[in-house]
Amino acid sequence: MTDIEKLPLETLIEILTKIDGKSLGRSRRVCRKWKECIDGVDSLWQKLCEKDFPESSRIAKRKSGTSFKWYHIYRNLIMWADISRFETDVKEFYKFSIHDKTHLLEIDYGVLALSDLKGLVLYDVSTLKYIPVSIPDGFCSKMSNNDHATIILTRTGVIVQRSANLTPEDEQYLRADDFILTEDHFYIHRNRDVFRCDYNAQNLDPELIMHCQYKIKTMVHYNGSLQIFTDCGKVVTINKNNEVKVNPISCPAEWIPQIKHISAVNDKNFVCYSRNLIKVETNKYKHLYLDFPPITALFFYVDIILIGTGKREILLYKLSSQKKAMKPIFETIAVLPEGKIPLQLDVVERKNGPLIAASTSFELYLIEIKFFPNWSVDYPNVAQLKDRLSKRSNARVNPPTSHYAGFARAARASDLAHLSRLVHLLLYSYLTS
């Protein structure tokens, strides 16, 4: 039998791609060489995420940003099954100066964005430190980022700021009601007209791709197709070739006028809800109608749902629990202080565990769940965003310093024996195939 230590790196990686996530995590503790190999090839963990958490891992990666490794995403998501066993730390983080139900913008690209009287206030979710950049004045209801552009939705349109390597560098304004940002394009709609824009082009000239027959509630982009959820219970899909398909949401007809909110990953994974009604549809759980408690806020993580209620609670519902129970099983994650009702919920993964943001009329509460309390939460992810947005400010903005604090865990003898048998079997299969 070939000595494992003498294997070429490429062969070792090929073997490691064939084991499950738990065994791969234990393999990190075999020796320094294996740890460096496994930590240095993040695609190993990406494949596991795409296999075990195909939708929720994609959401987590987009929210956490490019510098947050797939290893940390996989490790966090696999711990959500036992999240109720961990202690939660609930603390007031920000006090708003005005009464509003939409203070919290969606966490995106490692940035926590808050809408207040003085404008848009940004924080780095890794450090929870204020990002001192200049934001265009006016009401902001949405903000999305990637490596190429930052787009901000105001009352009358979108402001597009592109990266320095694109021309022109100056921001541009487009009239729109909403937008969705993808890797190559962004889409906007004005009333029922849907446009596509290429932010790599010299000029951002919107290209009309369709006129929707129904009022648009929300848009999502998945696998090259644009899905449009409408207010009449229909989903309009536009594929790469601009072919249009219209499918109804499988939902009781009397529900449709009462549905106020839609949270969607794509046309196969979404939840429609109002205060007392909810309909969940995912790849694993079709047409799941549930009698939920009065809902004041909701976050859809595909495999689980976080629900805010009028009793100040933040509840966890695991879709997998429906296999074993006739009635929905809710687990209480946290309870906000007296009189504070969650009106918006969002989640972002960090190195030491998930961070839940809960916005009320006047406050933002952060709920930290420390799966791995010894890990540093600092991963600089927003330096490019700072540089992009700070063009409007005369003051120079410096990205936060990075400090990575790892931890070492000694491998037990049982781990080594298990891994030795596993790898030798895989190696034998590899060499004889």
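Student: What makes strand β2 (residues 111-116) count as mostly covered?

Tutor: Six of the six residues in β2 are buried, a term that stands for under 20% relative accessible area, with exposed meaning over 50% and partly exposed lying in between, for a 1.4 Å probe and protein chains only. The name β2 comes from DSSP runs counted from the N terminus, where a strand is a run of E with at least two residues and a helix is a run of H or I with at least four. Please keep in mind that this is a predicted model, in which local features need pLDDT of at least 70 and side-chain atom pairs count only at pLDDT 80 or more, while totals for chains, interfaces and linings use all residues. Residues are numbered from 1 along each chain as its sequence is written, and side-chain values use heavy atoms, with hydrogens and water left out.

Student: How do you know which faces of β2 are covered?

Tutor: In a regular strand the side chains alternate between the two faces of the sheet. For β2, one side carries Val-111, Ala-113 and Ser-115 and the other carries Leu-112, Leu-114 and Asp-116, and since every one of these residues is buried, both faces are covered.

Student: How do you know which strand pairs with β2, and in what sense?

Tutor: Two strands pair if DSSP finds at least two bridges between them, and β2 has six bridges with strand β3 (residues 119-124), in the antiparallel sense. Val-111 has Asp-124 of β3 as its bridge partner, whereas Asp-116 is matched with Gly-119. With two residues between them, β2 and β3 form a hairpin.

Student: Why are some strands of the sheet β2-β3-β4 said to stand at the edges?

Tutor: The three strands make an open sheet with antiparallel pairing in the order β2-β3-β4. β2 and β4 (129-130) each have a single partner strand, so one side of each is left without a neighbour in the sheet, and they stand at the edges.

Student: What makes β27 mostly covered?

Tutor: Seven of the seven residues of β27 are buried. Glu-363, Tyr-365, Ile-367 and Ile-369 point one way, Leu-364, Leu-366 and Glu-368 point the other way, and all of them are buried. β27 is joined by seven antiparallel bridges to strand β1 (residues 88-95), where Lys-95 has Glu-363 as its bridge partner. Strand β26 (residues 353-359) is joined to β27 by five bridges, again running antiparallel, with Leu-355 partnered by Glu-368, and β26 and β27 form a hairpin with three residues between them.

Student: Phe-372 lies in the loop between β27 (363-369) and α7 (383-389); is Phe-372 buried or exposed?

Tutor: The relative accessible area of Phe-372 is 17%, so this residue is buried. Phe-372 and Asn-76 are 296 residues apart in sequence, but their C-alpha atoms are 9.0 Å apart in space.

Student: What makes the buried residues of helix α4 (residues 43-52) a face?

Tutor: The buried residues of α4 are Leu-44, Trp-45, Leu-48 and Cys-49. Seen down the axis of α4, they fall within an arc of 135°, so they line one face of the helix; the arc is that of the directions from the helix axis to the C-beta atoms. The face turned away from this buried side carries the exposed residues Lys-47 and Lys-51.

Student: What makes the phi of Asn-191 worth a remark?

Tutor: Most residues other than glycine have a negative phi. Asn-191 is not a glycine, yet its phi is positive, at about 55°. Asn-191 sits in the loop between β10 (185-190) and β11 (193-198), and its relative accessibility is 59%, so Asn-191 counts as exposed. Arg-312, also a residue other than glycine, has a positive phi near 75° and lies in the loop between β22 and β23.

Student: How do you know how β22 and β23 are joined?

Tutor: Five bridges join β22 (residues 304-309) to β23 (residues 313-318), which run antiparallel, and one of the matched pairs is Ile-304 with Lys-318. Both strands belong to an open sheet of four strands in the order β21-β22-β23-β24, with antiparallel pairing. β21 (295-300) and β24 (330-335) each have a single partner strand, so one side of each is left without a neighbour in the sheet, and these two stand at the edges.
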